[in-house]
Amino acid sequence: MAANEVPKIGLDKYKYDFKNPENYYFRVQKGLSREVVQTISEMKNEPDWMRQIRLRALEIYNKKPIPKWGGNLDDIDFDDIYYYIKPAEKMGKSWDDIPRDIRETFDKLGIPEAEQKYLSGVGAQYESEAVYHSLRENLKKQGVIFLDMDSGLKQYPDLVREYFGTVVPTGDNKFSAMNTAVWSGGSFVYIPEGVHVDIPLQAYFRINARNMGQFERSLIIAEPGSYLHYIEGCTAPIYSEDSLHSGVIEIIVKKGARIRYTTIQNWAPNVYNLVTQRAVVYEDAVMEWVDGNIGSKLTMKYPAVFLKGRGARGEILSMSYAGKGQHQDAGAKAVHLAPDTSSNIISKSISSNGGRASYRGLVKVSKNADRVKSNTRCDALILDDISRSDTYPYMEVDNATARISHEATVSKIGDEQLFYLQSRGLTENEAMALIVRGFVESIVKELPMEYAVELNRLIELQMDGSIG
Amino acid sequence: MCNPQKLLEIIDLHVSIEDKKILKGINLTIHRGEIHALMGPNGSGKSTLANALMGHPAYRVTKGKVIFKGQNILKMSPDERARLGLFLAFQYPTAIPGVTVSNFLRTAVNSVRNEEINVLDFHKRLNEKMKMLAMDKSFTKRYLNDGFSGGEKKQSEVLQLVMLEPEMVILDETDSGLDIDALKIVSSDINKVMNENMGMLIITHYVRILQYIKPQFVHILFNGEIVESGDYSLAEHLEEKGYNFIMNEEQN
């Protein structure tokens, strides 16, 4: 069976729910204050301009109200969260260099193995800091940079200063402001002109501590004609207390470049996952977001493409599974700011066991953007009578030449489908799993094989026990 | 001891949908190697029998027994019945988008065998069987019944039949929606599959299919009861006189 032939990539529900003792090198006090922000900046020994950005972001954060749309954010106790935990004194040069329990965590998650077998580079973040980063030598020689964001800031301050906050402004939303104030870790990636990174880079984000807030900040710059596939995975152990993950990802795709950014998020069911990810896409460039949301208590996440150059293209594939106690408010944003730009949005959501899956999307066409094409298709599958699915498509079209289409379907697994498959020997559970797998196939097939296998397994695990 | 040749025994079977009584005491015994045809007009309960035998949850058995290979299967779920060797070729097979024929067949074969078939062995077998049925290889890459023509749906059912190697086969209106060429192909495929260990029940409205798959026994279902049984000549008789004749005979 294929599942045994490929290495595990460490998102398995039963594998990820393990906890290490909370040994940390340094931790700020709970809550978010000017003092906490100052401390983080000092710990990192940052340039003053970054400290100023953080402090200004804190002011903006404090002024912005909590969003009233999307999911229920009222139950988050923002004062009961640690905004910065430094797990180890310094980052390891090799896996052997990092504290044993942390190393064992990533071993269990299969990251060093994946690094050997099918990745160009790996970043591993534990709590607030990267503990390990690697990149194949041949890519380094071609000028590719893949670092954690803090090291990126230290080694390439000019690049960071030029682009930081240009794609997602601090004040974009309350959580982008929060992230800007307390960000730590994340990836800094630079792909020089014409360089193709054919084997994916992967960053893995792990929360171990309870009441943890993780605020990674990533910046990816693709010079003209370059190519990159970047994969992000996230897990955490299950606690009864809530944790918060609020990342900001900024991507610049220059002329003729192409980036695919794949997320497989399997946070524990006590994690609020509030992420802003956005790409600006220039002339004839392509940005593809592949977004898989399996875990978390509440996810609010709408990968965005800002199509700024003529002929730019954006693809957003979103897959979410909302099980018991979960709300996946996921979607996409395509903003057409130039002529001949196109976007394609496909969303597949599954809700079961009382879960709620929402599609929320925006397609916007500016006045000067002639001949825009945009297709949206969202399909929802509801597995039982107690689960819920909603669709919130928004369109703002200011140019009459645009061709916009939107298609939405909601379906329930039918008795006839189940009976048909059962009559071929599949148990009810197997039949459901097969139908669901077929439902998400168009998205899963876009993933590298190892991830596709793992995602299918995750979905089956999610479904376990969801059938009475 | 039950007769070892006896494969399927339906005893006084009563079936309702919601509160409507559809089948009112069906008795039918099928031995290994036998082909039976069950004919009847629309609404006589033909498909109800097929669905009830396979265990569709909407069809409620209110009385009677169904003994398959010596076991009463009425308490079994549809998948348990399938694993025991019962197969229903559907009149209207449902589409399962996103699931390829090949993927589905492998899952189904593994399920009825209760062990995992080696992937290479599976594909070898699938290729052989498709060759036998003169089916195009690309068929296996399509999504199950999704956008299939009427003929393709029926061919896909026969392919499943061949791959799952059941002992008792029920064909529910397999001839419906097929033009004469497609009917010939599907019938010839079914004849290739039939053997002396197998039992077959062909449910049909028309005599047409029986000209290609010759049953030894023909039963006429009317208003939830088998009103007449005989050999193949009964089908010919029916072809000549039509259902109205039988129905009138019944009502008088």
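Which elements of chain A cover the buried residues of H6(A)? The views below are of a predicted model.

**View 1. Cover over helix H6 of chain A.** The cover of the buried residues includes helix H5 (100-108) of chain A. It also includes three strands of chain A: E3 (121-126), E4 (129-135) and E7 (196-206).

**View 2. Buried and exposed residues of H6(A), residues 111-118.** The buried residues are A:Ile111, A:Ala114 and A:Glu115. They lie on the same side of H6(A), because their arc around the axis is only 105°. An α-helix has 3.6 residues a turn, so residues three or four places apart point the same way. A:Gln116 and A:Lys117 are exposed, on the face turned away from the buried side of H6(A).

**View 3. The side of chain A that touches chain B.** Here 20 residues of chain A are in contact with 24 residues of chain B. Two elements of chain A give two or more residues each: helix H11 (415-422) and helix H12 (428-444). H12(A) has the largest share, with eight residues. By class, this side of chain A has seven nonpolar, seven polar and six charged residues.

**View 4. The fold of chain B.** Chain B has seven helices and ten strands. Its C-alpha atoms fill a box of roughly 60 × 40 × 35 Å along the principal axes. The radius of gyration of chain B is 18 Å, which agrees with the value near 18 Å for a compact globule of 252 residues. Buried residues make up 43% of chain B. Among contacts in chain B between residues at least 6 apart in sequence, 71% join residues at least 24 apart.

Technical notes:
Residues numbered from 1 in each chain as written. Chains lettered and ligands numbered in written order. Predicted model: local features only at pLDDT ≥ 70, side-chain atom pairs only at ≥ 80, totals over all residues. Buried ≥ 20, exposed ≤ 12 C-beta atoms within 10 Å, placed from the backbone. Helix = DSSP H or I, 4+ residues; strand = E, 2+ residues; numbered from the N terminus. Arc of directions from axis to C-beta. Contact = placed C-beta atoms within 7 Å. Rg over C-alpha atoms; globule rule 2.2 N^0.38 Å. Nonpolar A, V, L, I, M, F, W, Y, C, P; charged D, E, K, R; others polar.
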